[in-house]
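Open the model in a viewer and keep the selection panel at hand. The stops below go one after another, each with something to select.

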Protein chains: 2
Amino acid sequence: MNEKLILASGSPRRANLLRQIGLTFEVVRPDIDERVLPAETPETYATRMSESKMLRSRELLEATTASVILCADTIVVLDGEIVGKPESRSDAVQVLQRMSNRKHQVLTSVTIGETTTTRQRSFLVDTVVTFRQMSVDECEAYWETGEPADKSGSYGIQGLGSIFVAGIEGSPSNVAGLPLMETAAELKFFGIDCLAAY
Amino acid sequence: MNEKLILASGSPRRANLLRQIGLTFEVVRPDIDERVLPAETPETYATRMSESKMLRSRELLEATTASVILCADTIVVLDGEIVGKPESRSDAVQVLQRMSNRKHQVLTSVTIGETTTTRQRSFLVDTVVTFRQMSVDECEAYWETGEPADKSGSYGIQGLGSIFVAGIEGSPSNVAGLPLMETAAELKFFGIDCLAAY
């Protein structure tokens, strides 16, 4: 019998990834301040975000029943800098042009913890994504589809953005928002076994 | 205005991948002999399969209206050999044990052609998949979930099988059954532009 799982994320992609490995769960949406601190590295930022989501989830849940909470934060990193959601059409086109014909990173911090104890663990997973060459016209046409507007890095790899992806090196599920191999292995230490749950 | 597209595949994953890049299409299911010929290489086999599907689709469709047909065949290759669907529980467990803690290839041949002419093009896309170490118990538990039974290579990367995937090198959509970057680029030569269709 598996422990009860709570996904602390409003991302439908993360929920789909967890369903893909046979898990059932409830959802909470921790509201946190997502601003980047001065001189904060991408790794430190992502870890601080998933751990802040854990802290806020613990407050929201007021642990009455034993559960395992799963938090994650995924960022796009280019030239060592965090690339957020685009502020405008020209911002998105500029970011996509910078990513054209080269590699960037997708970095996820995952934090897993128990409601009834202070026990928790965080880990980082890094995947390299290579884009093909993209013309300005293509980037503009892509903006017009509406997909880039609410996406970190101005693209969605689970959508039309996949036509720009020449290849990746690393975890494919990480690029979609949750590294499944690493998450499943860690969940097992918290009493949740995907192979038993399926 | 895009040409009309026909997906010659019964695979729901391929249909989902095409929808992901905004394309609308009809589906035909070409019935072909899928047996491997003696001494046939994986590359030759996959190409022969996607081209046989094209030939059969052309017969089924009896070109009355202009359309573009998309055919694909995806195989799992281990030590230079094609790994088909498992014949039994012990076959699946044996295959998974052979893939444990090492790399294998996922190879897709795509053939795109026009109904009103004999024009067609085929290309191959190859992705390397690395599995983590898997115990016999895990492989057996995975078999019990029912997922491996109808899958080439005895696993589904779009399902629970993803908990075994340490990483990939190459196209992530190729592993799911259709390499989207390459397919979208080739479809453009046949008058179908994803960026315009979306």
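Select residue 169 in both chains: A:Glu169 has B:Glu169 in β7(B) as its bridge partner. This is a predicted model. Now widen the selection to the whole of β7, residues 165-170, in chain A, and add β7(B). The two strands run antiparallel and are joined by three bridges.

**The symmetry axis**

Stay on this pair of strands and superpose the chains. A turn of 180 degrees with a shift of 0.0 Å along the axis lays chain B on chain A, with an RMSD of 0.0 Å. The two copies are therefore related as by a two-fold rotation axis. Which C-alpha of chain B is nearest the axis? That of B:Glu169, at 2.3 Å from it. Both copies use the same surface, since 100% of the contact residues of chain B recur in chain A.

**The side of chain B that touches chain A**

Next, select the contact residues between the chains. There are 30 residues of chain B in contact with 30 residues of chain A. On chain B, colour α4 (136-144), β7 (165-170), α5 (172-176), α6 (180-189) and α7 (194-197), each of which supplies at least two residues of the side that touches chain A. Which of these elements gives the most? β7(B) does, with six residues. Colour the residues on this side of chain B by class, and they divide into 17 nonpolar, 10 polar and three charged.

**From β7(A) into chain A**

Go back to A:Glu169 in β7(A) and look across to A:Val128, which stands opposite A:Glu169. Select β6(A) together with β7(A): four bridges join them, and the strands run antiparallel. β7(A) thus has bridges to β6(A) and also to β7(B).

Now add strand β5 of chain A, residues 103-114, to strand β6 of chain A, residues 120-131. These two run antiparallel and are joined by 11 bridges. To find one position in this pairing, pick A:Ser109, whose bridge partner in β6(A) is A:Leu124. Then follow the chain from β5(A) to β6(A): a hairpin of five residues joins them.

**Helices α3 and α4 in chain A**

Hide the strands and show helix α3 (residues 89-99) and helix α4 (residues 136-144) of chain A. Their axes come within 9 Å and cross at roughly 135 degrees. That angle makes α3(A) oblique to α4(A). Is the crossing left-handed or right-handed? The crossing of α3(A) and α4(A) is right-handed.

Show the side chains of the contact. α3(A) contributes A:Arg89, A:Ala92, A:Val93, A:Leu96 and A:Gln97, and α4(A) contributes A:Val136, A:Cys139, A:Glu140, A:Tyr142 and A:Trp143. By class, the residues of this contact of α3(A) with α4(A) are seven nonpolar, one polar and two charged.

**The corresponding stop in chain B**

Move to chain B and select helix α3 (residues 89-99) with α4(B). Here the axes come within 9 Å and cross at roughly 135 degrees. α3(B) and α4(B) are therefore oblique to each other, and their crossing is right-handed. From α3(B), pick B:Arg89, B:Ala92, B:Val93, B:Leu96 and B:Gln97; these meet B:Val136, B:Cys139, B:Glu140, B:Tyr142 and B:Trp143 in α4(B). The contact of α3(B) with α4(B) has seven nonpolar, one polar and two charged residues.

To finish, show both chains again and centre on the antiparallel pair of β7(A) and β7(B), with A:Glu169 and its bridge partner B:Glu169 selected.

Terms used:
Residues are numbered from 1 along each chain as its sequence is written. Chains are lettered from A and ligands numbered from 1 in the order in which they are written. This is a predicted model: local features need pLDDT of at least 70, side-chain atom pairs count only at pLDDT 80 or more; totals for chains, interfaces and linings use all residues. Two residues are in contact if their C-beta atoms, placed from the backbone, lie within 7 Å. Ala, Val, Leu, Ile, Met, Phe, Trp, Tyr, Cys and Pro count as nonpolar, Asp, Glu, Lys and Arg as charged, and the others, Gly among them, as polar. Two strands pair if DSSP finds at least two bridges between them. Copies are superposed by least squares on the C-alpha atoms of residues with pLDDT of at least 70 in both. Axes are lines fitted to C-alpha atoms, for helices over the stretch in contact, and angles run from 0 to 180 degrees between N-to-C directions. Angles under 35 degrees count as roughly parallel, over 145 as roughly antiparallel, 65 to 115 as roughly perpendicular and the rest as oblique. A crossing is left-handed if the near helix is turned anticlockwise from the far one by less than a right angle, and right-handed if clockwise.
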